[in-house]
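Hi everyone, thanks for coming. I'll take you through one structure today, and I'd like you to keep the picture in view while I talk.

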Amino acid sequence: MLKSLTINNFRRCQFFELQQLSRVNLLVGMNNSGKTSILEATKLLYSVKQPDKLEKIMSYRGETLFEKSSEKLDISHLFYGR
């Protein structure tokens, strides 16, 4: 179980930190404020040895490049200020 979470330069989060996490945590905020990005960062943290998870997250958001009938991930979307 995570006790704290720090995110640096991921999507819209230049720096984000959550302290004193417990078994159940609630993320609230306005639309487009980064709640999903926090969940995605946590999912990627726990699936570091499963690259298909990254592809699934990015494809779901439509963050792919199409080049001559092949689909590639556009990882620039993962970095703050890309």
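**A buried arginine and its partners**

Let's start with Arg 11, which counts as buried because its relative accessibility is 7%. One thing before I go on: what you're looking at is a predicted model.

So where is Arg 11 in the chain? You'll find Arg 11 in the loop between β1 and β2. Those two strands, β1 and β2, pair in the antiparallel sense, over 5 bridges. If you want one pairing to look for, take Asn 8, whose bridge partner in β2 is Phe 15. The hairpin that β1 and β2 make has 2 residues between the strands, and in that hairpin Arg 11 takes a positive phi near 50°.

Why point that out? Well, most residues other than glycine have a negative phi. Arg 11 isn't a glycine, and its phi is positive all the same.

There's another residue like that, Asn 32, with a positive phi of about 65° although it is not a glycine either. Asn 32 sits in the loop between β2 and α1. Is Asn 32 buried or exposed? Asn 32 is exposed, because its relative accessible area is 62%, while Arg 11 is buried at 7%.

Okay, back to Arg 11 and its charged partners. How many salt bridges does the count come to? The count comes to 3 salt bridges. Let me go through them one by one.

Here's one: Arg 11 with Glu 40, where the closest N and O atoms are 2.8 Å apart. Arg 11 is in the loop between β1 (5-10) and β2 (13-18), and Glu 40 is in helix α1 (residues 35-46), so this pair ties together parts that are 29 residues apart in sequence. Glu 40 counts as buried too, because its relative accessibility is 9%.

Next, the side chains of Arg 11 and Glu 63 meet in a salt bridge, at 2.8 Å from N to O. This pair links distant parts of the chain, 52 residues apart: Glu 63 is in the loop between α2 (51-60) and β3 (64-67), and Arg 11 is in the loop between β1 and β2. Both Glu 63 and Arg 11 are buried.

And then there's Glu 40 with Arg 61, again with the closest N and O atoms 2.8 Å apart. Here too the pair links distant parts of the chain, since Glu 40 is in helix α1 and Arg 61 is in the loop between α2 and β3, 21 residues apart. Arg 61 counts as partly exposed, because its relative accessibility is 36%.

Put those pairs together and what do you get? You get a network of salt bridges linking Arg 11, Glu 40, Arg 61 and Glu 63.

Now let's move along to the segment after β4. Leu 78 lies there, and Leu 78 is buried, because its relative accessible area is just 10% and the limit for buried is under 20%. Which residues does Leu 78 touch, leaving out those up to four places away in sequence? Leu 78 touches Asn 9, Phe 10, Arg 11, Leu 54 and Met 58. So there's our arginine again, on the list of contacts of Leu 78. Have a look at Ser 37 as well: Leu 78 and Ser 37 are 41 residues apart along the chain, and their C-alpha atoms are separated by 9.2 Å.

In that segment after β4 (70-73) you'll also find Ile 75. Ile 75 counts as partly exposed, because its relative accessibility is 45%. Together with Leu 73 and Phe 79, Ile 75 makes a nonpolar surface patch of about 260 Å².

One more stop, and that's Ser 47. Where is Ser 47? Ser 47 has its place in the loop between α1 and α2. Ser 47 counts as buried, because its relative accessibility is 7%. What does the side chain of Ser 47 reach? That side chain reaches the backbone oxygen of Lys 43, at 2.8 Å.

If you take one picture away, take Arg 11: a buried residue, with a positive phi near 50°, in salt bridges with Glu 40 and with Glu 63, and in contact with Leu 78. Thanks, that's me done!

Conventions. Residues numbered from 1 in each chain as written. Predicted model: local features only at pLDDT ≥ 70, side-chain atom pairs only at ≥ 80, totals over all residues. Heavy atoms only, no water. Patch = residues over 30% accessible without salt bridge, like charges linked within 9 Å, V, L, I, M, F, W, Y side chains within 5 Å. Areas by Shrake-Rupley, 256 points an atom, 1.4 Å probe, with all protein chains shown as cover. Salt bridge = Lys/Arg side-chain N within 4 Å of Asp/Glu carboxyl O. Helix = DSSP H or I, 4+ residues; strand = E, 2+ residues; numbered from the N terminus. Buried < 20%, exposed > 50% of the residue type's maximum accessible area, 1.4 Å probe, protein only. Contact = heavy atoms within 4.5 Å. Pairing = 2+ DSSP bridges. Polar contact = N/O pair within 3.5 Å; in protein donor to acceptor, adjacent residues only side chain to side chain.
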